[in-house]
Structure formats: C-alpha cells, structure tokens
Amino acid sequence: MHFHDCFFGYPSKGCDGSVLIDSTSSNTAEKDSPPNNPSLRGFEVIDAAKSRLEGICGGVVSCADILAFAARDSVELSGRLGYDVPSGRRDGTTSLSSEASSNLPPPTSNVGQLTQIFANKGLSQAEMVTLSGGHTIGRSHCSSVAPRLYNFNGTGQDPTLDAAYATALKQQCPQGNSNANLVVPMDAISPAVLDEGYYVDVFSNRGMFTSDQTLMTNAATAAQVGQNAGNRMLWSAKFAAAMVKMGQIGVLTGSSGEIRANCRVVNS
C-alpha cells in the first residue's frame, strides 16, 4: 500500500496518503482504480492507528506518516528487518483514479519499462530490483496471472515459466475461471515471510508476473537477482534503504497539504 501511495500521481503527488481517501459520488479515488481494487487491503489497520493517535495527540501525525510506519512495521513483523523511517509528511487533499495507468508498473512490464518507471520517481535500476523483492509476500488475483498461463502473446503458456510451477498455478487458477476474488500466493513456499525467496523463484523461472521474470532478461538485473537469492542479509539492507528512499518521493511538508483527521476523508 505504501508503494502504491508513493508512486501514484508523481511528480504532482507522492507519499501523501492519498491512496487512503475514499471515493465519492463525484470522484473515483485512487483506491478504487483497477491497479488498487481489489488488490490493496489493510485500510482498517491504518484507520485504527489513526483513531488511537487522534485520541492522544490530535492533528499531529499524518495519515501519510502512519502508512510509512505501518509499512516498516509490516517488514519487521514478516521479515525481522527493522529500519528507521523519517517522519514529517503531510497529507494530500486529492485522490484521482485516472492517475494510475501512467505511474504504477503493470504486471506485463518488461525490464526496460520498469527501469524507466522507477527512474521517473528518482529510483535506480538496482533499487527497482531491490524493491521488486516485496513480491515475496502477499497474493495476486488469478486475473493478473491468467494471461501468462493461457494467452501469452496469443500463443498459450509463457515458455519461460517453469513447467511444474505453471501446472501448479493452473490448478489454482483454472482456465475460464469467473471468480474475480480467486487469489494465489506470490511466494508459494513462504507467502507470509519477507525473505529472499522471491529471487530464488525468479532465478528458477518461477516469477509470477512478466514484470518479475523479466529481471532475468537483462545482464545487470539478472546478476542482482542471483546475488540477492544467495545473500538474504545483503538484500535486507538494500531493501531497507530503498524503502526509506521511496518513502521520500513527492512528500508534502511545511504548510503544504494538511493533517487529515480521518484518513478516508479530506478535512472540510
């Protein structure tokens, strides 16, 4: 959720908590754009944290900061990796679904497209590979995986997919499935643990998305995949640094923005 918040709408916006704002009758917000709905979950966690903070020190801690802290805590809880997060972000006052397509990398992205999208946010290709490791936890909807299984470039299965892995995915995401809520874990071995498993999978042609497996098509990114797969501590340190840098994209400070009283609604 923190990643989607920071990448949405930049350079006009960044890590400003706008992904938390609810849609209205006159505006479809970021959280209801196709890349975010129904993928993003956990809004109630942010609401609960905000409610407790407002009861102790109202109008002080922004929703954008809460989201950055929650992302850090999620990393620590799932991967035993802690890092310090700068605070002081303020909250944005707009949230537009229409800004999704040009900012968030789709699962069909190739390595060149990914490199450019991250460069647009001030992040290097190496940091792109590092942050891609976030796919070691969480889940994907079958609708995002099905094209690689059944209609890759109009020819059937993506030939780069490991055969056994493809068979397992097809069992979980059967062809013609009409259940929009059907999901599959991003990392079949340790789906709730933040570890180097993502890179082990990609190195073994078990990347779930094209945007994962494409990292093996470039010499530099493939070398980083191999390095990260064999050295969890090295990747963890790089991941922490990249998360901190990402969390500074397009932040609002000083008198810009506001401190929302309710993370779902801009202040009146």
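**Figure 1. Close-up of Cys57, a cysteine whose sulfur is too far from any other cysteine sulfur for a bond.** The closest cysteine sulfur to that of Cys57 belongs to Cys63 and is 12 Å away, which is too far for a bond. A disulfide is defined here as a pair of cysteine sulfur atoms within 2.5 Å. Cys57 is partly exposed, because its relative accessible area is 27%; buried means under 20% relative accessible area, exposed means over 50%, and partly exposed lies in between (1.4 Å probe, protein chains only). This view, like those that follow, shows a predicted model, in which local features need pLDDT of at least 70 and side-chain atom pairs count only at pLDDT 80 or more, while totals for chains, interfaces and linings use all residues. Residues are numbered from 1 along each chain as its sequence is written, and side-chain values use heavy atoms, with hydrogens and water left out.

**Figure 2. Close-up of the disulfide between Cys6 and Cys15.** The search of the whole structure finds three disulfides, and one of them joins Cys6 to Cys15 with an S to S distance of 2.0 Å. This disulfide is right-handed because the torsion about its S-S bond is about 120°. Cys6 has a relative accessible area of 0% and is therefore buried. Cys15 also counts as buried, at 1% relative accessibility. When the bonded cysteines of the chain are numbered in sequence order, the pairing reads 1-2, 3-6, 4-5.

**Figure 3. Close-up of the disulfide between Cys63 and Cys263.** The two sulfur atoms are 2.2 Å apart. The link of Cys63 and Cys263 is left-handed, with -100° about the S-S bond. Cys63 lies in helix 3 (residues 63–79) and Cys263 in the segment after helix 11 (232–246), so the pair ties together parts that are 200 residues apart in sequence. Helices (H or I, at least four residues) and strands (E, at least two) are DSSP runs, numbered from the N terminus. Are Cys63 and Cys263 buried or exposed? Both cysteines are buried.

**Figure 4. Close-up of the disulfide between Cys142 and Cys173.** Here the S to S distance is 2.0 Å. The torsion about the S-S bond of Cys142 and Cys173 is about -70°, so this disulfide is left-handed. The pair links distant parts of the chain, 31 residues apart: Cys142 is in helix 6 (residues 142–150), and Cys173 is in the loop between helix 7 (163–172) and strand 2 (183–185). Cys142 and Cys173 are both buried.

**Figure 5. Close-up of Phe7 and the residues in contact with it.** Phe7 lies in helix 1 (residues 2–7). Phe7 counts as buried because its relative accessibility is 0%. Which residues is Phe7 in contact with, leaving aside its neighbours within four places in sequence? They are Asn103, Leu104, Pro105, Ile117, Phe118, Lys121, Leu123, Met246 and Ile249, where contact means heavy atoms within 4.5 Å. Phe7 and Ser268 are 261 residues apart in sequence, and their C-alpha atoms are 26 Å apart in space.

**Figure 6. Close-up of Thr136, Asp187 and Asp195, which UniProt places under the feature "binding site" (unreviewed entry).** These residues are spread over 60 residues of sequence, yet they cluster in space, with a largest C-alpha distance of 9.8 Å. UniProt positions are given in the numbering used here, feature names are shortened, and annotations may be inferred rather than shown by experiment. Asp187 is in the loop between strand 2 and helix 8 (197–203), and Asp195 is in the loop between strand 2 and helix 8 as well. Asp187 counts as buried at 2% relative accessibility, and Asp195 counts as buried at 10%. The side chain of Asp187 makes a polar contact with the side chain of Thr136 (3.3 Å). A polar contact is a pair of N or O atoms within 3.5 Å; within protein, one must be able to donate a hydrogen and the other to accept it, and residues adjacent in sequence count only if both atoms are side-chain atoms. The side chain of Asp195 makes a polar contact with the side chain of Ser190 (2.8 Å).

**Figure 7. Close-up of His135, which UniProt lists for "binding site" (unreviewed entry).** His135 is found in the loop between helix 5 (125–132) and strand 1 (139–141). His135 is partly exposed, because its relative accessible area is 28%. Leaving aside neighbours within four places in sequence, His135 is in contact with Met186, Asp187, Tyr198, Phe209 and Asp212.
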